[in-house]
Each structure stands twice: as structure tokens, then as C-alpha cells.
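The following exercises are to be solved with the sequence and the model side by side. Each task is followed by a solution in steps.

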Amino acid sequence: MRAQFIASEVGAGLRRNLTMTIAVIITVAVSLALFGVSLLVRAQVTTMQDFWYDKVEVSIFLCSRGSDTPSCAGGEVTAAQRDQIESDLESLRPLVQEIYYESKTEAYQRFKEQFANSPIADNVSENALPESFRVKLSDPTKYDVVASAFAGRPGIEQVNDQRQILDKFFRLLNGLQAIALIIAGIMLVVTVLLIVNTMRVAAFSRRRETGIMRLVGASNFYIQLPFLLEAALSATLGAALAIAGVVATKAIVIDQILAPSFQFTAFVDWDAVLAIAPVMLATGILLAVLAAFLTLRKYLRV
Amino acid sequence: MNPTPVPESAGRVILFESVSKTYANQNRPALDDVSLEIEKGEFVFLVGPSGSGKSTFLRLVLREERPNTGAVWVLGKELNRLSNWKIPALRRQIGTVFQDFRLLPNKSVFENVAFALEVIGKPRAQIRRVVPEVLEVVGLEGKESRRPDELSGGEQQRVAIARAFVNRPMLLIADEPTGNLDPGTSVGIMKLLDRINRLGTTVVMSTHDAQIVDQMRRRVIELASGHVARDQTRGVYGYGG
């Protein structure tokens with residue numbers, strides 16, 4: 001193996017096909033950037049799910065004096081009803097992980113904290129807020145078990161799952177991710193087609209060299225290696241550009257723009273970028289080398 | 001997995017056993033039931049009109065084509081049973097020269113010959129040693145740094161012969177090597193091929209040059225319409241051909 005000889009062949013090949021090389025680098029960069037961003041969105045959804053599912057709980061609001069749902073026809077919840085609900089919740093362990101009773105006074109305190117800077121807090125009296133059980137589930141997806149057991153029972157005004165609200169938002173993000181992934185997929189197909197064509201042109205423009213190589217008994221591997229390295233090098237450059245794009249997305253769009261504006265939620269950290277970058281690089285190189293290899297098998301026969 | 005018996009003469013440099021070759025979308029076979037042997041150290045002229053099967057014969061020896069029927073043995077290997085990845089090893093023992101030289105225009109004389117060694121992974125020290133040697137054999141010493149377009153046709157063919165011979169192959173295939181050269185230059189090339197033959201390399205040369213064949217008085221195999229029409233040990237080009 002003559003590393004220096006191979007390197008000079010690769011360099012000459014890239015220069016000879018400069019416009020095609022640039023086209024390959026750009027399409028690889030664009031398609032991989034889209035691919036990387038879609039992976040970043042996916043990581044973002046996971047981060048937010050971890051962040052929020054940990055905090056969401058099922059709220060069981062008990063009837064207060066002003067409640068007008070049918071289950072509250074009996075008026076304000078009685079102490080017996082409340083005790084019964086609590087013991088029923090206890091019987092649902094271990095699905096029910098934590099049970100926390102929030103009295104009217106506590107509800108009022110919390111409300112005042114949440115809306116500390118708002119005039120709304122002044123207009124709400126302690127009695128207007130319902131007492132509730134806050135229930136944390138070991139598996140947030142099994143909300144139905146709790147809902148079917150308690151919704152509509154006398155003394156219970158409403159059973160509320162915070163997760164359902166979040167899920168709508170996550171579905172939106174997942175939809176965006178799917179679209180980005182589809183576009184990335186189409187772009188990757190375009191990239192593969194372009195590489196196939198580039199290799200065909202490269203094999204044709206160097207048919208004199210490859211013909212002589214075959215004739216003097218160079219192995220297939222040796223004949224194809226410069227072409228494969230060229231494809232891998234272009235893909236690496238394109239992937240580097242794409243990774244730079246994802247890093248910029250994280251550093252500018254997420255850290256500078258989104259994070260300061262939406263402080264109530266968590267955003268992906270650099271670990272996610274660190275995990276995505278090698279996937280992008282490997283995808284780019286693998287696709288390029290595979291496309292090149294399959295093309296060359298056809299055009300550089302023994 | 002159908003072991004055909006190895007013929008006694010399989011050790012010959014070239015052995016054709018009832019070889020027929022018909023190209024796709026052609027009715028007439030390019031070679032039709034050809035059997036012949038070429039022994040080590042021979043110098044063989046392959047003559048016959050265009051389309052008689054000379055090129056097919058050479059392409060079969062180089063395993064650029066496979067026969068439809070029959071067996072081609074080259075340097076002790078039955079080419080039909082030779083797996084693809086072993087072909088380069090076979091070709092390293094065969095030097096090839098063409099009418100159109102097939103040099104790389106952007107490389108010097110030295111680089112063109114060195115290329116043949118570089119692409120089979122020979123170390124640089126060896127290349128630096130053997131390339132000047134072979135350039136001396138073909139009579140191109142002092143012209144190492146010339147480009148092909150600075151050389152005459154005869155000199156270009158000498159570069160091609162140096163490239164074919166630098167590996168000291170067992171067999172040299174020359175496909176009309178003097179076809180583009182004037183008679184005076186051709187004589188020089190023939191002297192060179194003769195010298196290579198005397199160094200132990202078997203030479204098979206296809207040609208249309210009657211004068212050369214008649215002067216050399218070597219074995220002549222004449223092909224006509226895919227058949228061996230004549231095989232003489234000290235032959236001439238032909239009668240009225």
C-alpha cells in the first residue's frame with residue numbers, strides 16, 4: 001500500500017472534478033443538516049417529555065360550594081367522601097405513586113404565588129378555589145385507570161390530566177420532526193444520485209488510468225480506493241458543514257433565542273449535539289462510500 | 001465442483017482446448033473450436049485478416065473475455081475456474097503492449113513505468129531501483145523526465161514495453177505493436193521484443209506486418225474466420241496475404 005501515491009491520486013481526482021465535488025459537498029451538507037436538525041428536534045421532544053412528565057400529575061378537584069356539575073348536586077364534598085376518595089387512591093398503589101391533598105387555603109397560597117404580579121390574585125377569594133388531591137402516577141400514560149375510577153363520582157367535580165395538554169404540543173413537535181426527516185430523506189436520495197453520477201463521470205474521465213491499472217494487475221481494491229476515498233472525503237467535508245449548522249442551531253437558535261424566551265421548559269443540552277454529530281458523519285460517509293462502491297462495481301469491472 | 005482432469009500440457013504458457021467464443025448479439029463465432037499450445041520461451045506471431053479472431057484470442061488470454069466452451073489455460077491456471085479476485089495476480093505475470101501505446105500523457109517516462117509498480121503496491125525503494133534498469137533495457141536512458149508528447153512513436157512504444165516488462169512477466173502480449181510505426185522504427189521495436197524473448201519471456205504478438213514476420217522466421221499461427229488456418233514453427237506471413 002502506497003499511502004502517498006493514493007493520496008496524490010485522490011487529490012488529482014478531486015481537482016479534476018472540482019465542480020462536481022463542490023456539488024456533492026453542498027448536497028451532503030444540506031441533507032445531513034436537515035437530518036441533524038430533525039434528530040435535534042427529536043432530542044428536544046425527549047428532553048421536554050422527561051422534564052414535564054416528571055412534573056405532571058392528575059388533579060382530582062373536589063366539589064366546592066359553587067360547583068354545578070351533576071356529580072356535585074349534593075353540594076360541597078363531605079369529610080366522609082373525602083376520606084373514601086383518599087383510601088380508594090391508596091388502593092391504587094403502586095400505579096399511584098404519591099398522593100398529596102391540597103386544601104382550599106393551600107390552593108389559595110399557590111395561586112397567589114403563581115400570579116404574584118397580576119391583579120387577578122386580588123380578585124380571587126379563598127373560597128373560590130376548590131380543594132383537590134394531586135396524584136403522581138408511576139406511569140403517566142395510565143391516566144385512564146384513575147380517570148375511570150373517579151370521574152363522575154359524587155363529591156368530585158373534575159379529574160384533570162395535565163399530560164393531555166402537553167401531548168398536543170409534543171404531537172406538533174413530532175410532526176415537525178417527521179417533516180424535517182422526510183425532506184432530509186429526499187435530499188439524501190438526491191445526494192446518492194449525485195454521487196452515483198459523479199462517480200460515473202470520474203470513472204469515465206480516468207478510464208485510461210484505470211485501464212492500465214487493470215492491465216498491469218492492480219487489485220480491484222487498489223483501483224477503486226482513490227474513488228472511494230474521494231467520495232468519503234467529500235462526504236466528510238459536507239458532514240462537517242452540516243455539523244457546524246447543527247452546532248449553530250444549538251448555540252444561536254436554542255441558546256440565544258428560544259431558551260431566554262421560554263424559561264419554563266428545558267432545552268436540549270450539548271450532550272445531544274455531541275450524540276447527533278457522529279451519527280451525521282457516519283450516515284454521510286456510509287451513504288457516499290456505498291453509492292460510490294455500487295457505481296464503481298459496474299463501471300470498473302475486472 | 002466438477003473437477004475436469006488437468007491436461008498434461010497444462011504447464012504450458014498458453015493452452016487452448018477446443019475454445020469457442022461467440023459475442024452476444026453476433027451470429028458468427030469469433031473463435032471456433034480452437035486448440036493450440038504455446039510453450040515457455042517461444043516467440044509466436046499471430047496473423048490473419050481483421051475479424052479473424054486475433055484480438056479475441058488475446059482477450060481470452062488476458063481473461064478480459066471468457067470462452068463459451070472449451071478451456072483456456074494460462075501459466076498453469078484454467079481461467080474459467082479462476083475467481084475474480086485472483087485475476088490481478090495472473091495479470092501481474094503478463095505484460096501487455098498495444099498499437100496505441102496507452103501511456104499517461106501527464107506523467108513522465110519514469111512515472112509511466114513506475115505507475116505499473118505503484119498500483120500493485122511495490123515499495124518505493126524497489127521502484128527507484130528497477131525502473132532505471134528497465135529503461136536501459138529498452139534504450140531510453142536519459143529520457144526519464146520526458147513526457148510522452150515529447151517522444152517519437154517508437155520511443156513511446158519503448159516506454160509501453162518498459163512498463164509491460166518492468167515486472168519481468170512470464171508472458172508478453174503484443175497487440176500489433178508496430179501498427180503505428182514506420183518500417184525503420186518497427187525493426188528497432190522487433191529487436192527489443194526479440195531481446196526480451198531471449199531474456200526468457202514468452203512473446204505472443206499479433207501483427208499485419210508481413211515484412212517483420214518474414215524476416216524473423218519464428219512460429220506463425222494464422223487465424224481465419226475463427227479457425228487456426230496454419231501453424232508453422234519457422235513460418236512466413238502468408239501467401240499473397
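**Exercise 1.** Determine which residues A:Gln224 is in contact with, leaving aside its neighbours within four places in sequence, and decide whether A:Gln224 is buried or exposed.

*Solution.* Step 1: contact means heavy atoms within 4.5 Å. By this criterion, A:Gln224 is in contact with A:Phe293, A:Leu296, A:Arg297 and A:Leu300. Step 2: A:Gln224 is found in helix H9 of chain A; helices (H or I, at least four residues) and strands (E, at least two) are DSSP runs, numbered from the N terminus. Step 3: buried means under 20% relative accessible area, exposed over 50%, and partly exposed in between (1.4 Å probe, protein chains only). Because its relative accessibility is 6%, A:Gln224 counts as buried.

A note on the source: this is a predicted model, in which local features need pLDDT of at least 70 and side-chain atom pairs count only at pLDDT 80 or more, while totals for chains, interfaces and linings use all residues. Residues are numbered from 1 along each chain as its sequence is written, chains are lettered from A and ligands numbered from 1 in the order in which they are written, and side-chain values use heavy atoms, with hydrogens and water left out.

**Exercise 2.** Compare the end-to-end span of helix H10 (residues 270-299) of chain A with the expected span, and state what covers its buried residues.

*Solution.* Step 1: the expected span of a helix is 1.5 Å times one less than its number of residues. The 30 residues of H10(A) should therefore span 44 Å, and the end C-alpha atoms are 44 Å apart, in agreement. Step 2: the buried residues of H10(A) include A:Ala272, A:Ile276, A:Met280 and A:Leu296. Their cover includes helix H2 (18-53), helix H7 (162-205) and helix H9 (220-261) of chain A. Step 3: pLDDT is the predictor's confidence in each residue, from 0 to 100. Among the elements of chain A, H10(A) has the highest mean pLDDT (92), and helix H5 (residues 120-123) of chain A the lowest (69).

**Exercise 3.** Establish how many residues of helix H5 (residues 153-165) of chain B are buried, and name elements that cover them.

*Solution.* Step 1: 11 of the 13 residues of H5(B) are buried, which leaves the helix mostly covered. Among them are B:Gly154, B:Val159, B:Ile161 and B:Phe165. Step 2: the covering elements include helix H8 (207-215) of chain A, and also helix H3 (109-118) and helix H4 (124-137) of chain B. Step 3: B:Leu117 lies in helix H3 of chain B. At 2% relative accessibility, B:Leu117 counts as buried. Not counting residues up to four places away in sequence, B:Leu117 touches B:Lys122, B:Ile127, B:Val130, B:Val131, B:Val166 and B:Asn167.

**Exercise 4.** Give the strand order of the open sheet of 4 strands in chain B, and identify its edge strands.

*Solution.* Step 1: two strands pair if DSSP finds at least two bridges between them. The order is E2-E1-E4-E5, with antiparallel pairing. Step 2: strand E2 (31-38) and strand E5 (77-78) of chain B each pair on one side only, and are the edge strands. Step 3: strand E4 (residues 69-74) of chain B is joined to E5(B) by 2 bridges, and B:Val74 has B:Lys77 as its bridge partner in E5(B).
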